[in-house]
Amino acid sequence: MLEKMEEFDSERVVEEFEAITKDAEKVQREALKKILEQNESAEYLQNLGLNGRIDPEGFKACVPLVTHNELEPYIQRIVDGDPSPILTGKPITTISLSSGTTQGKPKFIPFNEELMESTMQIFRTSFAFRNREFPIGNGKALQLIYSSKQFKTKGGLAAGTATTNVFRNSKFKRTMKAMQSQSCSPDEVIFGPDFHQSLYCHLLCGLIFREEVQFITSTFAHSIIHAFITFEQVWEELCSDIRYGILSSRITVPSIRTAMSKLLKPNPELADLIHRKCTGLSNWYRLIPELFPNAKYIYGILTGSMEPYLKKLRHYAGELPLLSADYGASEGWIGANVNPHLPPELATFAVLPNIGFFEFIPLRDNIENQDHNGMESSLLCEEPEPVGLTEVKIGEEYEIVLTNFAGLYRYRLGDAVKVVGFHNSTPELKFVCRRNLLLTINIDKNTEKDLQVAVEAAATLLEEEKLDVVDFSSHVDTSTDPGHYVIFWEINGVASEEVLQECCNCLDRSFIDAGYVSSRKVKTIGALELRVLRRGTFHKILDHYLGLGAAVSQFKTPRCVGPTNNLVLQILCANVVKSYFSTAF
Ligand code: AMP
C-alpha cells in the first residue's frame with residue numbers, strides 16, 4: 001500500500017510560528033502547565049512538594065536548578081529498568097546519549113515522543129522560512145547523516161545518540177519527504193554499522209543522484225567537511241565504481257552491498273564527467289557546486305564550535321550559500337533559524353515557546369563563580385536569579401535553563417547565549433559558547449570562544465605559507481611549575497620553524513584576559529606551548545569517540561581536554577611531532 005504523503009504547507013507553518021511567538025509569555029505558562037500536569041505523578045516532582053502547582057512562580061519556588069549530575073541517580077534508575085514514574089508520568093522507554101565532548105563520556109538523557117515532535121516542529125519551522133528565501137525543487141538531499149550503535153540498557157531501554165533516535169523514528173522520514181528533503185542514500189547506508197563504509201556510500205549515492213541533489217546537509221559542519229576531505233582521497237575509486245557498476249571491495253557490510261547494488265549501474269559517461277570535473281578543479285575549490293549542479297545551498301549547524309570549519313566549507317562551496325541549522329541539544333530543542341539569509345557568523349535562533357519552559361541566568365560577571373579546574377560549580381553562591389523567556393534583554397548574555405516534556409526540570413544546559421533581538425515576543429539568540437571554563441590556571445579565565453579567537457589570529461600567519469589549521473584543541477598542563485597552556489594544532493602541510501614560532505607567540509599574546517596577561521607577565525603562568533600534531537590525529541580522536549558509542553552526526557572536537565578525558569589526551573600527546581614555547585612575554 002502506498003504511504004500517505006504528508007502535505008507540507010509552508011505558509012501554515014509560518015503562521016503557526018507567528019501565532020505562538022505573539023504572546024510568548026502566555027505560551028510559556030501553558031507549556032509549563034502541560035509539562036507539570038502530564039508529570040504530576042513523577043516521584044521527582046512529588047518529592048519537591050509541588051502539590052499540584054502549575055504556575056511559574058510556584059514551580060521556581062519548589063524546584064531547584066540542577067545539572068546532569070544531580071539528575072543522574074534518577075536517570076540511572078530509569079536506565080536500569082525501574083518502571084515507576086520517576087521523572088515523568090509516562091515511563092521513558094528510550095535514552096539518548098549526548099556527545100559527551102567535555103567529560104569524555106556520554107551522558108544518558110531521557111527521550112520520548114514529545115521530544116521527537118518538537119524536533120519535527122523545529123525542522124518544519126526553519127524549513128518553511130528557508131524555503132521562502134531559498135526554494136528547492138523536487139529532488140533529494142545529500143544527507144551526510146549516520147546512526148550510532150544502538151543498544152539495550154541493562155533495564156531493556158533502547159539507547160543511542162539523540163540524532164539516531166530521531167533518524168530512526170518514522171516521523172523523521174515522513175517529514176523529510178514532505179519537505180522534499182529525503183536522503184539520496186538508502187536506510188542501510190544511514191544505519192550501517194561502519195561509519196567509514198556509510199560515508200563512502202553516501203558520496204556514491206550523491207554522485208549517482210547528482211542532478212537531483214537540491215542541498216547538502218549534515219547535523220554539524222564537521223561531518224560535511226569530513227565527507228569532502230574523504231572525497232579528495234577516494235574520488236577515483238568512486239568513479240571506477242560508477243564506470244563499471246561494481247561496488248568497491250572496501251564495502252563489506254552485506255546489507256549495504258545489497259542496497260547499493262540496486263542503485264549502482266555501469267555509467268561510463270557519468271564517471272568521465274566526474275573525472276573531468278575533479279581534475280579540472282584547482283585545489284578542490286568549488287567542489288560541491290561542480291559535483292551537484294542543482295544544489296541550492298549547504299545546510300547544517302555552522303555556529304559555535306563549528307565556526308572554525310567555515311573557511312574550508314566556503315572553499316568547497318564556492319558561491320553556494322551556507323545556511324545555519326537550528327539550535328538544540330540532546331536534552332531538547334531551543335530555537336529555529338528563521339533568518340536563513342544571515343551568514344553563519346551572524347545566525348540567530350528564535351526560541352519556540354511551546355516546546356519547553358525556558359529560563360535564563362544572567363551571565364555578566366558570573367564567570368568569577370567557576371572553580372579553577374574549569375568545572376562549573378553547581379553550588380554557585382551569588383548567582384543572579386534566572387529570568388523568564390520574555391524578560392531577557394537585548395545585548396545581554398545568559399545561560400539557558402531548560403524544562404522539557406521528557407523529565408528535565410530547571411536543567412542547566414551549560415550553554416552561553418546572547419540575546420540579539422526579538423521575533424514578536426520571543427527572543428532571538430546568538431550562540432556564544434559552552435559555559436564551562438576551558439583554560440584556567442590561577443586568576444586567568446579563558447572560554448572556548450577566547451581560544452577560538454586566539455587560534456584564528458595565529459592561523460592567519462599560516463596563510464602566508466598557504467596552510468590552514470585543520471583542527472585544534474587545548475589543555476592546561478600543571479605538571480610543570482608554573483602551569484602553562486598547551487595548544488594542539490593539526491596543520492594541512494609542513495610550516496617553517498619560524499612561522500610556527502611566530503604562531504606560538506601570537507597565540508600567547510591573543511589571550512587578552514587580564515588575569516592571563518598579568519600572570520604571564522609575572523610568570524605565575526608559564527610560556528604557552530604550541531604542539532603540532534601528525535596529520536590524521538583528529539580522525540583518531542573521532543574514531544575514539546565512535547568507539548564509545550558517539551555518532552559522527554553529533555561529533556564535536558573537544559576544544560579543551562581536561563584530566564577526566566585522559567584517553568583523548570593520550571592520543572594527542574602520542575601524536576605530537578614538534579612543540580614550540582612562546583617567547584612573547
Ligand atoms: P549534544 O550534547 O551532542 O546534544 O550537543 C548539544 C550541544 O551542541 C549544545 O548544548 C550546544 O553547545 C551545541 N549546539 C547545538 N546546536 C548548536 C548551534 N546551532 N550552534 C552552536 N552550537 C550548537
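## The shell around the ligand

By class, the residues around the ligand comprise seven nonpolar, seven polar and four charged ones. The structure described here is a predicted model. The shell has 18 residues, and those that come nearest to the ligand are Thr-303, Gly-328, Ser-330, Asp-415 and Gln-554. Two strands, β9 (327–329) and β16 (426–434), each supply at least two residues of this shell. Strand β9 gives the most, with three residues.

## Polar atoms at the ligand

Which atoms of the ligand lie close to polar side-chain atoms of Thr-303, Asp-415 and Arg-434? For Thr-303, the answer is a nitrogen atom of the ligand, which is 2.6 Å from an N or O atom in the side chain of this residue. For Asp-415, an oxygen atom of the ligand is found 2.7 Å from an N or O atom of the side chain. Arg-434 likewise places a polar side-chain atom 3.1 Å from an oxygen atom of the ligand. Taken alone, the ligand exposes 500 Å², and the protein buries 92% of that area.

## Aromatic pairs

A search of the whole structure finds 21 aromatic pairs. One of them is formed by Phe-228 and Tyr-316, whose ring centres are 5.8 Å apart. The planes of these two rings stand at 50 degrees; this angle is neither under 30 degrees, as stacked rings require, nor over 60 degrees, as edge-to-face rings require, and therefore the pair is tilted. The pair links distant parts of the chain, for Phe-228 belongs to helix α11 (residues 221–244) and Tyr-316 to helix α15 (residues 310–317), with their positions 88 residues apart in the numbering. Are these two residues buried or exposed? Both Phe-228 and Tyr-316 are buried.

Ring pairs also join Phe-134, Phe-215, Tyr-297 and Tyr-299 into a cluster. Tyr-299 has a charged partner as well: the charged end of Arg-130 sits over its ring, 3.7 Å from the centre. Elsewhere, the charged end of Lys-140 sits over the ring of Phe-209, at 5.0 Å from the ring centre.

## Backbone features in the loops

Where in the chain is the residue Pro-482 placed? Pro-482 is in the loop between β17 (469–477) and β18 (484–491). The peptide bond that leads from Asp-481 to Pro-482 is cis, with omega near 0 degrees.

Two residues have a positive phi although neither is a glycine. For Arg-410 the angle is about 50 degrees, and this residue lies in the loop between β14 (397–403) and β15 (411–423). Arg-410 has a relative accessible area of 4%, which is under the 20% limit, so the residue counts as buried. For Lys-523 the angle is about 60 degrees, and Lys-523 is found in the loop between α18 (514–521) and β19 (529–533).

## A buried glutamate in strand β19

Glu-529 has its place in strand β19. Its relative accessible area is 5%, and because this value is under 20%, Glu-529 is classed as buried. The side chain of Glu-529 is joined to the side chain of Ser-579 by a polar contact of 3.3 Å.

Definitions and conventions
Residues are numbered from 1 along each chain as its sequence is written. This is a predicted model: local features need pLDDT of at least 70, side-chain atom pairs count only at pLDDT 80 or more; totals for chains, interfaces and linings use all residues. Side-chain values use heavy atoms; hydrogens and water are left out. Rings of Phe, Tyr and Trp (its six-membered ring) pair if their centres lie within 6.5 Å; planes under 30 degrees apart count as stacked, over 60 as edge-to-face and the rest as tilted. Helices (H or I, at least four residues) and strands (E, at least two) are DSSP runs, numbered from the N terminus. Buried means under 20% relative accessible area, exposed over 50%, partly exposed in between (1.4 Å probe, protein chains only). A charge sits over a ring if NZ of Lys or CZ of Arg is within 6 Å of the ring centre and within 35 degrees of the ring normal. A residue is near a molecule or strand if one of its heavy atoms lies within 4 Å of it. A polar contact is a pair of N or O atoms within 3.5 Å; within protein, one must be able to donate a hydrogen and the other to accept it, and residues adjacent in sequence count only if both atoms are side-chain atoms. Accessible areas come from the Shrake-Rupley method with a 1.4 Å probe; for residues, only the protein chains shown count as cover. Ala, Val, Leu, Ile, Met, Phe, Trp, Tyr, Cys and Pro count as nonpolar, Asp, Glu, Lys and Arg as charged, and the others, Gly among them, as polar.
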